[in-house]
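Trainee: Could we go through this model together, one question at a time, with the reasoning set out before each answer?

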Amino acid sequence: MGEPVKLPMKKGLGQTDRTDGWWKGPTAMAAYLGFMLAYATWRGFMEADFWIFSEFGLSGGAGHDNGTMSIENNGNHVLSPLFSPLIIPGENSWVPTQLQWMSPAMFILIFPAGFRGTCYYYRKAYYRAFFQQPTGCAVSKPWNEYAGETKLLVVQNLHRYFMYAALAYLPILTYDVWLSINFHSVDSHTYGVTIGSIVLMLNVLLLSGYTLGCHAFRHVIGGGSNDWTSTKWKRFQHKLWIFSTKLNEHHKDWALYSLFWVMFADFYIWACTDSMFGWNDVVLFGGF
Ligand code: FES
């Protein structure tokens, strides 16, 4: 076997013969992911104060115009996806006392964060944007070794399991949409749609596009099959696989837009509950 031939390449961080704007994509990605990460972390810690919980009640709703987790002032209940399903350590007796310092979002975020953090697309994006591994095609980086996803990075193999957790979120978040269109008063019940309901619906739609187009999901539903026709189930499985493949072709877009929308949905609900912003969740039709 012949010796591997090394292509001539300039040495030093960012050194390259490329003349295009190769650095723009990773820089924009670092800014986008960095901002989203900072926002989610900050919001995750925001509800960690249990004095605030006891003052606001279960969800920071009616009568407490600076609650931060859900809108309830129209008689419906619009919960931020960062806090769903709502677990209040001080109120849910099954939460061990050692964990009661945690905010509701901390119980939740581990799963979507694990799902996105191990996603094949995000791995490519943040390896380049944050770790210069690689800096870019044919662009020199500060170190030359490439060990693959070994040692600590074997944790990336957990992606399939995070995918199962992400699938479980879809019905939970759909249930939140249902809660948001149910309006209750002391003695009556009706239906209606607010801007908040639409924000939550779009969130479920975008997250479904992202999750059902996941490479691991696509593999689970059809990766090992070479029979698409022999039974009804096989034909159905084929349709599902085609559907997932179509979503998978745009996995990057679903990944980026759904991330933005989760954060926007949270921000919208926060802005409608905190008097600092002066926003109100408008009832578009129905309701009281
Ligand atoms: S590969 Fe991106 S979510 Fe699974």
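Trainee: Does V282 count as buried, partly exposed or exposed?
Mentor: This is a predicted model, and V282 lies in the loop between α9 (251–273) and β5. Buried would require under 20% relative accessible area and exposed over 50%. Because the relative accessibility of V282 is 41%, the residue counts as partly exposed.

Trainee: Which element supplies the largest share of the nonpolar patch?
Mentor: V282 belongs to a nonpolar patch on the surface together with I195, I198, M201, L202, L205, L284 and F285, and their accessible area together is about 680 Å². At least two residues of the patch come from each of α6 (195–212) and β5 (283–286). The largest share, five residues, is supplied by α6.

Trainee: Which element gives the most residues to the largest nonpolar core?
Mentor: The core has 57 residues, of which M29, L33, F115, Y121, Y122 and M263 touch the most other members. Among the elements that each supply at least two residues of this core are α1 (24–46), α3, α4 (120–131) and α9. The most, 11 residues, comes from α9.

Trainee: How far apart are the end C-alpha atoms of helix α3?
Mentor: Helix α3 covers residues 104–117, and its buried residues include F107, L109 and F115. The helix bends by about 30° at I110, with the proline P112 following within four residues. At 1.5 Å a residue, its 14 residues should span 20 Å, and the distance between the end C-alpha atoms agrees, so the value is 20 Å.

Key. Residues are numbered from 1 along each chain as its sequence is written. This is a predicted model: local features need pLDDT of at least 70, side-chain atom pairs count only at pLDDT 80 or more; totals for chains, interfaces and linings use all residues. Side-chain values use heavy atoms; hydrogens and water are left out. The expected span of a helix is 1.5 Å times one less than its number of residues. The bend at a residue is the angle between axes fitted to the seven residues ending there and the seven starting there. Buried means under 20% relative accessible area, exposed over 50%, partly exposed in between (1.4 Å probe, protein chains only). Patches are made of residues with over 30% relative accessible area and no salt bridge: like charges are joined within 9 Å, nonpolar side chains (Val, Leu, Ile, Met, Phe, Trp, Tyr) within 5 Å. Accessible areas come from the Shrake-Rupley method with a 1.4 Å probe; for residues, only the protein chains shown count as cover. A salt bridge is a side-chain nitrogen of Lys or Arg within 4 Å of a carboxyl oxygen of Asp or Glu. A nonpolar core is a set of buried Ala, Val, Leu, Ile, Met, Phe, Trp, Tyr and Cys residues joined through side-chain atoms within 4.5 Å.
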